[in-house]
Amino acid sequence: MRASGVLVGLLASTAFGLGACGPASAKTLNAVASFTVLADVVKQVGGDHVNVKSLVGPNGDPHEFEPSPDDAKTLKEADITFVSGEGLESWFEKLVTASGYSGKPIVASKGIKTRTMEEDGKTVTDPHVWNSPVSVEVWVANIEKALISVDPDDAAAFKANAAQYTKELRDLHAYAKSVLETEPKDRRKILTSHYAFGYFDREYGVEFLSPVGLSTETEASAADVAKLIDQIKTEKVKTYFFENSNDSRLVDQISKATGAEPGGELYVESLSKADGPAPTYAKMFRYNVDQISKAIAGSSDF
Ligand SMILES: [Zn+2]
């Protein structure tokens, strides 16, 4: 702990050093985020001035969540609360009512150019915005603004952190483009449990096929599964991935019927624990890009 304290001190003096004597930190905010990916981005922007708690834990499903009485207490004590929005956290409103939280949650995805899909005859907005770092830049701007509004004394630090992290997001985007766009388009096809990579597809042209739609709350019918199996065979999809936060039985069954090979596990909407491969958003995104590109490169035996 002592060593990391020294390191933080050094970083701070490098960032603001040489005569710039900023105001002392006024307070440490208690922030709550709905799920781990968003909690990490709040942490990146808030830095030392914010304690962040995630309601859904590591490897948890943000669509379906049963909050505990402790979660209600955590929310009630929050100085500021963040959700991603766009229909992701259908459980959140009930928790607000149960907890007696009187604040208004910040919707981090506000202003993102969202994509929609047809599902069961309805037009549904795709909530999985974070699977493109281009959308996460909007999260960062919204988080920065919201933190400054509740803690203006630390505005300089929030601005510096947001600028630094935005640069990191642009590097991640450039990395994904350089790795994925060199592969032939007709090989960039992957099978996953539910449809969570639409924004990834929009940026990098990787097509994902899934038996379950935008929310894990829906279930695939036998007819859906049969149709998907045909499609996988026709389009020669070679690789399937499990999801860290979802049941893998259906993908397993489809892969057996189609001969698709396992590519490993993708972190679609939940970080891993600290000792896993995806403890932060940046690590999660890079890990997914590497896993997907490896799978595409290995599927050259057409
Ligand atoms: Zn999802």
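**Exercise 1. Place S99 and describe its surroundings.**

Solution. S99 sits in helix α4, residues 92-99. Helices here are DSSP runs of H or I with at least four residues, strands are E runs of at least two, and both are numbered from the N terminus. The model is predicted: local features need pLDDT of at least 70, side-chain atom pairs count only at pLDDT 80 or more, and totals for chains, interfaces and linings use all residues. Residues are numbered from 1 along each chain as its sequence is written, and side-chain values use heavy atoms, with hydrogens and water left out.

Next, is S99 buried or exposed? Its relative accessibility is 8%, so S99 counts as buried. The cut-offs are under 20% relative accessible area for buried and over 50% for exposed, with partly exposed in between (1.4 Å probe, protein chains only).

Now the partners. The S99 side chain reaches the backbone oxygen of V96 at 3.0 Å. Leaving aside neighbours within four places in sequence, S99 is in contact with A72, L75 and K76. Contact means heavy atoms within 4.5 Å.

**Exercise 2. Work out the strand order of the open sheet.**

Solution. Start with one pair. β1 (residues 29-33) and β2 (residues 50-54) run parallel, joined by five bridges. Strands pair if DSSP finds at least two bridges between them. Within this pair, N30 has N51 of β2 as its bridge partner.

Add the connection. β1, helix α2 (residues 36-46) and β2 form a right-handed β-α-β unit. Right-handed means that, with the strands pointing away from the viewer, the path from the first strand over the helix to the second runs clockwise.

Then take β3 (residues 80-83). Two bridges join β3 to β4 in parallel. V83 has V107 as its bridge partner in β4.

Assemble. The four strands run β2-β1-β3-β4, with parallel pairing. β2 and β4 (106-107) are the edge strands, each pairing on one side only.

**Exercise 3. Characterise the zinc site.**

Solution. List the donors. H63 (NE2), H128 (NE2), H194 (NE2) and E269 (OE) lie 2.0 Å from the zinc ion. Donors are N, O and S atoms within 2.8 Å of the metal (3.2 Å for Na, K and Ca); water is not among the atoms, so sites may look incomplete.

Which geometry do the four donor atoms give? Their angles are 101 to 122°, and the site is tetrahedral. For four donors, that label requires all angles between 85 and 135 degrees.

Read the spacing: H-x64-H-x65-H-x74-E. H128 lies in the loop between β6 (122-125) and α5 (133-150), and E269 in the loop between β10 (261-266) and α10 (281-298), so this pair ties together parts 141 residues apart in sequence.

Finish with burial. H128 is buried at 0% relative accessible area. E269 is buried, at 0% relative accessibility.

Conventions. Four donors count as tetrahedral if all angles lie between 85 and 135 degrees; four count as square planar and six as octahedral if opposite donors are over 155 degrees apart and all others between 65 and 115; anything else is irregular. A polar contact is a pair of N or O atoms within 3.5 Å; within protein, one must be able to donate a hydrogen and the other to accept it, and residues adjacent in sequence count only if both atoms are side-chain atoms.
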